[in-house]
Amino acid sequence: MRLVLFALLLATLYVGSLVLLPVEKIQVVGTHRLSPEEVVRTLGLAEGEAWLWVFPSRAQALLANPWVKEARLEKPRPKEVLIRVVERTPIARLANGDGLSKDGVLLPGGGEGPLVEGKGPLPVRAVIALVEAFPQARRVLYTPAGFWVEGEGWRIFAPEAALLIKWAKVNAPKGTVWIYEWGVSYSP
């Protein structure tokens with residue numbers, strides 16, 4: 001009997017909140033890649049829904065999208081829902097057209113920045129470090145022998161990414177350069 005009364009009370013609260021406090025305004029901020037409609041659809045929100053029963057935990061559904069770094073659902077005023085989204089930004093583009101974000105997430109269909117190509121598994125941390133060390137780079141190539149970083153009028157090779165990063169801190173790229181533990185070779 002108590003269970004029936006409790007269920008009846010919840011049903012009454014739900015119907016009452018639909019009538020008294022329906023969602024009248026849904027606002028999405030912070031999106032560049034995703035459309036506001038896509039965000040609202042992903043969360044399953046709709047105007048007319050019971051505002052009281054729209055919980056912030058619903059924003060977690062957006063985190064399944066690799067483009068979304070952070071998502072927060074807020075209710076700033078009665079009958080209003082605000083969805084704040086922080087999207088990832090690609091720092092490099094892969095040969096297959098995908099992007100790579102600064103935090104190492106592969107971003108489908110949206111690469112910007114230097115082209116990253118190579119043989120074998122993508123060395124994510126090394127590529128990110130190289131792109132940051134050489135902001136003017138146009139291409140990063142990884143091979144079993146090492147890494148090439150290329151830009152306008154220059155190419156630099158090293159068997160390890162750490163050697164390239166160390167070199168970039170004190171030198172400006174020009175010509176062709178081979179960097180090894182035991183020394184550096186230049187070719188204009």
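Is asparagine 96 buried or exposed? Asparagine 96 is exposed, because its relative accessible area is 57%, and the cut-off for exposed is over 50%. Keep in mind that this is a predicted model. I'll come back to that residue. First, the overall picture.

The chain has 188 residues, and 36% of them count as buried. There are four helices and 12 strands. Now the dimensions. The radius of gyration is 25 Å, while a compact globule of 188 residues would have one near 16 Å. Along the principal axes, the C-alpha atoms fill a box of roughly 85 × 30 × 30 Å. On contacts: take those with a separation of 6 or more. Of these, 34% are between residues 24 or more positions apart.

Next, the sheet with S1, S2 and S3. It is an open sheet of three strands, in the order S1-S3-S2, with mixed pairing. Strand S1, residues 25-29, and strand S2, residues 68-74, are at the edges. Each has a single partner strand, so one side of each lacks a neighbour in the sheet. The twist averages 15° from one strand to the next. S2 and strand S3, residues 80-87, run antiparallel and are joined by six bridges. One pairing to look at: alanine 71 has valine 85 in S3 as its bridge partner.

What packs on those strands? Helix H2, residues 36-43, puts its buried residues against S1, S2 and S3. Those residues are Val39, Val40 and Leu43. Viewed down the axis of H2, they fall within an arc of 95°, so they line one face of the helix. The face turned away carries the exposed residues Glu37 and Arg41. Just after H2 comes glycine 44, with a positive phi of about 70°.

Stay in that region for threonine 31. Threonine 31 sits in the loop between S1 and H2. Threonine 31 counts as buried because its relative accessibility is 18%, and the limit for buried is under 20%. Its side chain reaches the backbone oxygen of leucine 34 at 3.3 Å. Beyond its neighbours within four places in sequence, threonine 31 contacts Pro36, Val39, Val85 and Glu87. Two of those names you have heard: Val39 is a buried residue of H2, and valine 85 is the bridge partner of alanine 71.

Back to asparagine 96. Where is it? Asparagine 96 is in the loop between strand S4, residues 90-94, and strand S5, residues 99-101. Its side chain reaches the backbone nitrogen of aspartate 98 at 2.9 Å. Leucine 115 is 19 residues away in sequence, and the C-alpha to C-alpha distance from asparagine 96 is 9.9 Å.

Now strand S9. How many of the six residues of S9 are buried? Six of the six, so the strand is largely enclosed by the rest of the structure. S9 has antiparallel pairings with two strands. Strand S8, residues 139-143, runs antiparallel to S9, with five bridges. A hairpin through two residues joins S8 to S9. There, threonine 143 stands opposite glycine 146. S10 also runs antiparallel to S9, again with five bridges. Here glycine 151 stands opposite tryptophan 154. S9 and S10 form a hairpin with two residues between them, and glycine 153 in the turn has a positive phi of about 80°.

One residue in S9 deserves a stop: glutamate 150. At 13% relative accessibility, glutamate 150 counts as buried. Its side chain makes a polar contact of 3.1 Å with the side chain of arginine 155. Setting aside residues up to four places away in sequence, glutamate 150 touches Ala137, Arg138, Arg139 and Arg155.

Last stop, helix H4, residues 161-168. Its buried residues are Ala161, Leu163, Leu164, Trp167 and Ala168. Down the helix axis they fall within an arc of 160°, so they line one face of H4. On the face turned away from the buried side are the exposed residues Ala162 and Lys166. What covers the buried residues of H4? The cover includes helix H3 (124-133) and strands S9 (146-151), S10 (154-158), S11 (175-180) and S12 (183-187).

That's the tour. Questions, please.

Terms used:
Residues numbered from 1 in each chain as written. Heavy atoms only, no water. Pairing = 2+ DSSP bridges. Axes fitted to C-alpha atoms, helices over the stretch in contact; angles between N-to-C directions. Buried < 20%, exposed > 50% of the residue type's maximum accessible area, 1.4 Å probe, protein only. Polar contact = N/O pair within 3.5 Å; in protein donor to acceptor, adjacent residues only side chain to side chain. Arc of directions from axis to C-beta. Contact = heavy atoms within 4.5 Å. Rg over C-alpha atoms; globule rule 2.2 N^0.38 Å.
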